[in-house]
Structure formats: structure tokens, C-alpha cells
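Hi,

Here is the structure I said I would pass on. Have a look at it first, and then read my notes below.

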Amino acid sequence: MTQHDSHHTAPAVVHAQGQQHPLGIYFKIWGLLFVLSIASYMVDYFHFQGLLRWSLIITFMLLKAGLIVAVFMHMLWERLALLYAIVVPPLLLLVLLGIGALEGDYTFLTRGQFFTPAATPAPAVAKPQ
Amino acid sequence: MTQPAITGHATSLPQPEGLRSIVSDFSSDQRAFKNVPWGKPMMWIFLVSDTFIFGSFLISYMTVRMSTTVPWPNPSQVFSLQMFGKDVPLLLIAIMTFVLISSSGTMALAVNYGYRRDRKTTFWLLIATAVLGATFVGMQAFEWTKLIHEGVRPWSNPWGAAQFGSSFFMITGFHGTHVSIGVIFLVIVAVKVWRGDLDHQRPGFLTGRRGNYEIVETMGLYWHFVDLVWVFIFAFFYLW
């Protein structure tokens, strides 16, 4: 059941039931996930703030997510068509994220304008006549 | 990317590479994902739908948090534990993350040993995954109890923006439910492995279909998805 082909650089051991890989890679990725989790935790423990905090949080998150999908969920070795069919639709959620961010900003600014606490001298908001 | 699995003995036409392989997979009147057992893309498609659900929750949480004029409670303080007289921020969450990552590790090993048809090892690895998952849910339940005790409700909390409670309970509640369902199915698959149902292709109780070791991999996909969602929740809700 091993096919030797001029296309193969290293023949993958193929079974009808599923592809198998040496166990070592799972342990390595497991360790890498632990390291990334510790790093994520350190971001909070050392009180990073602002852009550095957010970019580190997102970077570690995407690395962990990518490793889980690619190795543990086997996507690295799947057909390209399946990979694209699964990975592209969730990327479209970024559109919803952008819409949510616009909406959130708008609501925040509107609340600030119309619901200012009475204590502050409110600038006269022209009421439509 | 390696060559796709070739399971037949007939010589086939040379398959295109890269983006052309995607086109050729979807072209003509034929099965799209060649040589992929049907259970796998079915589970993947279900996971995509689940991604949309959790994505909607997390994006709405983002919108709600951005729009509140009252400051959002500080997660480092809300989720800290008192240990040895010191306030350790996010300790329980860190432990929960390690527990879930470990369960993903044992699950990946279980899939591998399943394909080697090593029933005993696969069974114990599946049970280990289930135990770790149940531990996670237990810790999440403890977290809920602690916060409810401190006055967090879906409509208010003592520390800040009123929307904190509903976001927290909704997101972690849905995730915890997914983990619990996963634990139940892990035990079911483990029992099937132990009894040798997968070797003898015995029809299953739920659907009557014959099982083989692919169901261990399918279960693995679901379990890794649960871990994946936690990675996002951990980053966006607890750390941000």
C-alpha cells in the first residue's frame, strides 16, 4: 500500500483507514502549545498594555489556533480543496467583525452625546422644533 | 503539502497541484473530496457552522464591550484567586487552559493509536481525554458559582458594565455545554473501542451504522474544535 512515485519526495505510509504520522510530532506541538499558553499568560502577568498587549494576545492566539487546526486536526495533510472549503468561510467572519466595530464605535459616541451625566454642564443640544 | 492518499490499485491520471487541484476537485459530476471518508468532511462542515455561532457570540461581545460608556470590569481582578495570601490573577483560567490543551494532546494520541488498532491504549487515552474535559467543566462550574456568589448577574455586576455578566455566562455557558457533550461522546466511543465494536464493524446504538476507527478521528476533530474555541475565548474574554 505504499506507492512509490516520482512525485513523492518521502513516501507517506498510507492506509485505507487514514494517514498516520510518527507520534513525536504530536508531543512537539503539544509542548509548543504549552509554551504559547505560558507566553499568553505572561502578557497579563507582566501587565503589558496598549498596542503591545493586544498584538501579542492576537499573535499567540492565532499561532495556537493554527497549530491545533493544522497538526492536531490533521489539516496540514488534507486535500487542498477541503482545507480551503473549511478555512475560507470563517475568514468571512472578519467582515462581521468590521461591521461590529463600526456599530460599537457609533453606539459609544451616540451614548456619550445623548446620555451625558447631569453633573457635567451639558452643551445645549438643539432640539428639533 | 503531501500527495493525497491513494487507496486504489489502478493507475490514475497525474493529479494537478495547488490551486488547480481545488478546481479539479470541485469540477464535473463527482465526489468533491477524493479519498476522504465521508464522516470527516461532515464533521468539518458541522464545525464550520459551530464556528459561526461562537463567532457571532464573540463579535457581539466585542460590539457590546466597545459601546459601553461604563468601564468594563477588569478580568485580571474578576478572575483572580487568593492563594497563600496573595492575589494571583487568572490562575484558575490558566489551569483550565492547561487542562484542555492536555486533553487535546491525549486525544491526538488516541486517534493515532486507534489507527494502529491498539484498543487498550486508545481506550485509556480516550478516557483520559474525557476525565480532563470533565475536570475543565468542573472548574468552569466552580468559576460560575464564585461569580454568582459575588453578585454577577446577566443584568448587572458589582464592578462595571452591566453587559459583562450576560456576555460571560452566554459564551462560557455555550462552550461548557459543548465540552460536556464532548465528554459524553468520548465515553461512548471509548466503550465501543473497548468492546471491539470497531474491529468487528458492529452496528452502533444511535444510528445503526457500522463503525470503524475513523470515528475516533471524527471524535478527535470535535474535541480539538472545543479546545480551539477556548483558545479564542481565553484570548478575547479573559486576557484582553
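What follows is a walk through the two chains, the contact between them and a few single residues.

One thing to keep in mind: this is a predicted model.

**The two chains**

Let's start with chain A. It has four helices and zero strands, so to speak a plain α-α-α-α when you read along the sequence. Of its 129 residues, 17% count as buried. If you take the contacts in chain A between residues at least 6 apart in sequence, 35% of them join residues at least 24 apart. The domain assignment splits chain A into domain 1 (12-78) and domain 2 (79-114). The centres of these two domains of chain A, taken over C-alpha atoms, are 23 Å apart.

Chain B has seven helices and two strands, and its order along the sequence is α-α-α-β-β-α-α-α-α. Its C-alpha trace spans about 70 × 40 × 30 Å along the principal axes. Chain B has 240 residues, and 36% of them are buried. For contacts in chain B with a separation of 6 or more, 68% come from residues 24 or more positions apart.

**Where the chains meet**

How many residues of each chain are in contact with the other? For chain A the count is 52, and for chain B it is 54. On the chain A side, the elements that give two or more residues are α1 (24-45), α2 (50-72), α3 and α4. Helix α4(A) has the largest share of that side, with twelve residues. Sorted by class, the side of chain A that touches chain B has 32 nonpolar, 14 polar and six charged residues.

**Helix α2 of chain B**

I'd spend some time on this helix. α2(B) covers residues 39-67, which is 29 residues. From first C-alpha to last it reaches 42 Å, close to the 42 Å expected at 1.5 Å a residue.

Its buried residues are B:M43, B:W44, B:L47, B:F54, B:L58, B:I59, B:Y61, B:M62, B:T63 and B:V64. And what covers them? The cover comes from both chains: it includes α3 (80-91) and α4 (93-114) of chain A, along with α6 (163-195) and α7 (214-239) of chain B.

Now turn to α6(B). The axes of α2(B) and α6(B) come within 10 Å and cross at roughly 170°. That angle makes α2(B) roughly antiparallel to α6(B). On the α2(B) side of this contact you will find B:F57, B:L58, B:Y61 and B:V64. They meet B:Q163, B:S167, B:M170, B:I171 and B:F174 in α6(B). By class, the contact of the two helices has seven nonpolar residues, two polar ones and no charged ones. Three of the names on the α2(B) side, B:L58, B:Y61 and B:V64, are also on the list of buried residues.

As for α6(B) itself, its 33 residues should span 48 Å at 1.5 Å a residue, and its end C-alpha atoms are indeed 48 Å apart. Just after this helix, B:G196 takes a positive phi of about 80°.

**Some single residues in chain A**

Most residues other than glycine have a negative phi. With that in mind, two histidines are worth a look.

- A:H47 has a positive phi of about 55° although it is not a glycine. It is in the loop between α1 and α2 of chain A. A:H47 counts as exposed because it has 9 C-beta neighbours inside 10 Å.
- A:H74 also isn't a glycine, yet has a positive phi of about 75°. You will find A:H74 in the loop between α2 and α3 of chain A. With 19 C-beta neighbours inside 10 Å, A:H74 counts as partly exposed.

Then there is A:L83, which is in helix α3 of chain A. Is A:L83 exposed, partly exposed or buried? It has 18 C-beta neighbours inside 10 Å, so A:L83 counts as partly exposed. Leaving out residues up to four places away in sequence, A:L83 touches A:M75 and A:E78. A:L83 and A:A70 are 13 residues apart in sequence, and their C-alpha atoms are 9.5 Å apart in space.

Cheers

Methods: Residues are numbered from 1 along each chain as its sequence is written. Chains are lettered from A and ligands numbered from 1 in the order in which they are written. This is a predicted model: local features need pLDDT of at least 70, side-chain atom pairs count only at pLDDT 80 or more; totals for chains, interfaces and linings use all residues. The expected span of a helix is 1.5 Å times one less than its number of residues. A residue is buried if 20 or more other C-beta atoms lie within 10 Å of its own, exposed if 12 or fewer, and partly exposed in between; C-beta atoms are placed from the backbone. Two residues are in contact if their C-beta atoms, placed from the backbone, lie within 7 Å. Ala, Val, Leu, Ile, Met, Phe, Trp, Tyr, Cys and Pro count as nonpolar, Asp, Glu, Lys and Arg as charged, and the others, Gly among them, as polar. Axes are lines fitted to C-alpha atoms, for helices over the stretch in contact, and angles run from 0 to 180 degrees between N-to-C directions. Angles under 35 degrees count as roughly parallel, over 145 as roughly antiparallel, 65 to 115 as roughly perpendicular and the rest as oblique. Domain bounds come from an automatic or database domain assignment.
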